[in-house]
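Q: Please take a close look at one part of this model. Start with a single side chain and its surroundings, then work outward to the rest.

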Amino acid sequence: RHGAVKNEDTFKTSPFHFDLWFYFTLQNWVLDFGRPIAMIILPLEWFPLNKPSAGDYFHMAYNVITPFLLLKLIERSPKTLPRSMIYVSIIMFVMGASIHLVGDSVNHRLIFSGYQHHLSVRENPIIKNLKPETLIDSFELLYYYDEYLGHSMWYIPFFLILFIYFTGCFTPVEEESRMPVPALLLMGPSSLYYWYLVTEGQIFILYIFTFFAMMALVMHQKRKGLVLDSNGLFLFYSFIITLVLIALWVVWLWNDKILRKKYPGVIYIPEPWAFYTLHMSNLHPAK
């Protein structure tokens with residue numbers, strides 16, 4: 001049961017997993033999107049700068065709950081999926097999310113000292129005057145662990161698991177290729193979270209390749225007379241709406257010269273936190 005899909009699994013169907021998708025959406029919004037917000041709005045006296053913030057505890061909970069939900073989602077697949085790849089992906093996910101926890105904790109706490117996310121590490125006023133200058137290298141190493149290594153080890157396994165699950169979301173029954181009302185209600189919040197994940201995580205390439213792989217699989221299975229079930233449709237349409245939201249975000253900030261400098265190159269997708277520190281940081285002055 002660790003290898004290829006068994007023939008008898010091919011025509012099994014699965015109802016819409018409202019409970020799992022709801023828990024996914026809720027914990028993503030509260031524990032991931034909500035963690036930096038909790039760090040900012042809660043009194044600094046409760047969580048001193050040399051101690052973990054409320055957002056850090058949110059992140060710890062996310063690192064435990066999300067792998068559990070991913071495993072439960074795989075268990076409900078109507079097909080037998082490659083378990084070994086799933087387990088390795090879960091391990092990498094936890095490692096990457098934990099690395100990110102440390103780097104993100106320090107980077108977000110620096111906001112209270114005047115750190116500006118729309119600037120590079122060396123361009124930040126509180127960083128560029130550090131002595132000795134080798135300390136700047138240490139902060140750049142922290143940024144690398146947070147934004148590059150941590151994100152890669154976190155998001156690549158996450159999207160891989162979603163895609164592996166997606167491969168089992170096909171059915172020969174046309175009547176099962178429709179989404180119930182609860183799925184339609186969850187689609188908006190789910191898509192908006194994926195927009196945040198892609199833009200803040202700077203993982204557009206990973207996201208778009210996953211989306212293209214989904215499209216290719218849908219067209220391939222259609223030639224075999226198979227269509228997406230309700231869970232597959234929910235995931236596929238959420239990715240489509242996410243792409244539309246990303247496009248609107250880019251168009252809105254297309255002429256922002258400061259963000260253009262922070263995000264040079266062909267793919268220009270600013271981070272929401274960079275937008276926050278550039279245009280909204282006056283709402284929370286540095287302490």
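A: A residue is called buried when its relative accessible area is under 20%; over 50% it is exposed, and in between it is partly exposed. By that cut-off His-151 is buried, because its relative accessibility is 4%. Keep in mind that this is a predicted model. Its pLDDT averages 86 over the chain, and 93% of the residues score at least 70.

His-151 sits in helix α5. What does His-151 touch, beyond residues up to four places away in sequence? The list is His-100, Asp-146, Ile-156, Glu-200 and Gly-201. One of these partners, His-100, is 51 residues away along the chain, yet the two C-alpha atoms are 6.7 Å apart. Gly-201 takes part in a polar contact: the His-151 side chain reaches its backbone oxygen at 3.1 Å.

Next along the chain is Gln-202, in the loop between α6 and α7. Its phi is near 55°, which is positive, and the residue is not glycine. Most residues other than glycine have a negative phi. Gln-202 has a relative accessible area of 36%, so it counts as partly exposed.

Now step out to the core. The largest nonpolar core holds 67 residues, and Trp-21, Leu-235 and Phe-239 have the most contacts inside it. Many helices feed this core: α1 (18-41), α2 (54-75), α3 (83-109), α5 (134-166), α6 (181-201), α7 (204-223), α8 and α10 (272-279) each give at least two residues. A second core, separate from this one, has 6 residues, among them Leu-110, Tyr-115, Ile-136 and Tyr-143.

Two residues outside the helices named so far lead back to members of that second core. Asn-124 lies in the loop between α3 and α4 (125-128). Is Asn-124 buried or exposed? It is buried, because its relative accessibility is 0%. Beyond four places in sequence, Asn-124 is in contact with Gly-114, Tyr-115, Gln-116 and Leu-119. Phe-112 is 12 residues from Asn-124 along the chain, and their C-alpha atoms are separated by 13 Å. Lys-128 follows in helix α4. At 46% relative accessibility, Lys-128 is partly exposed. Its contacts beyond four places in sequence are Arg-122, Glu-123 and Ile-136.

Back to Trp-21. Setting aside residues up to four places away, Trp-21 touches Phe-16, Leu-73, Tyr-165, Leu-186, Asn-231, Phe-234 and Leu-235. Asn-231 from this list lies in helix α8. It is buried, because its relative accessible area is 0%. Its side chain reaches the backbone oxygen of Pro-15 at 2.9 Å. Which residues are in contact with Asn-231, leaving aside neighbours within four places? They are Ser-14, Pro-15, Phe-16, His-17, Trp-21, Tyr-165 and Cys-169.

The start of α8 has a cap. A side-chain oxygen of Asp-229 lies 3.2 Å from the backbone nitrogen of Asn-231, and Asp-229 caps the N-terminal end of the helix. How does the length of α8 check out? The helix runs over residues 230-252, 23 residues in total, and at 1.5 Å a residue it should span 33 Å. Its end C-alpha atoms are 33 Å apart, so the value agrees.

Aromatic rings deserve a look too. The whole structure has 34 aromatic pairs. One of them is Phe-18 with Phe-22: the ring centres are 5.8 Å apart and the planes meet at 25°, so the pair is stacked. Phe-18 and Phe-22 lie in helix α1, 4 residues apart, about one turn of the helix. Residues three or four places apart in an α-helix point the same way, because there are 3.6 residues a turn. Phe-18 is partly exposed at 38% relative accessibility. Phe-22 is partly exposed at 34%.

Last, the weak spots in confidence. Over residues 1-9, pLDDT stays under 50, and the model has 16 contacts there beyond four places in sequence. Over residues 283-287, pLDDT also stays under 50, with 9 such contacts.

How values were computed:
Residues numbered from 1 in each chain as written. Predicted model: local features only at pLDDT ≥ 70, side-chain atom pairs only at ≥ 80, totals over all residues. Heavy atoms only, no water. Expected span 1.5 Å × (residues − 1). Polar contact = N/O pair within 3.5 Å; in protein donor to acceptor, adjacent residues only side chain to side chain. pLDDT = per-residue confidence, 0-100. Contact = heavy atoms within 4.5 Å. Core = buried A, V, L, I, M, F, W, Y, C linked by side-chain atoms within 4.5 Å. Buried < 20%, exposed > 50% of the residue type's maximum accessible area, 1.4 Å probe, protein only. Phe/Tyr/Trp six-rings, centres within 6.5 Å; stacked < 30°, edge-to-face > 60°.
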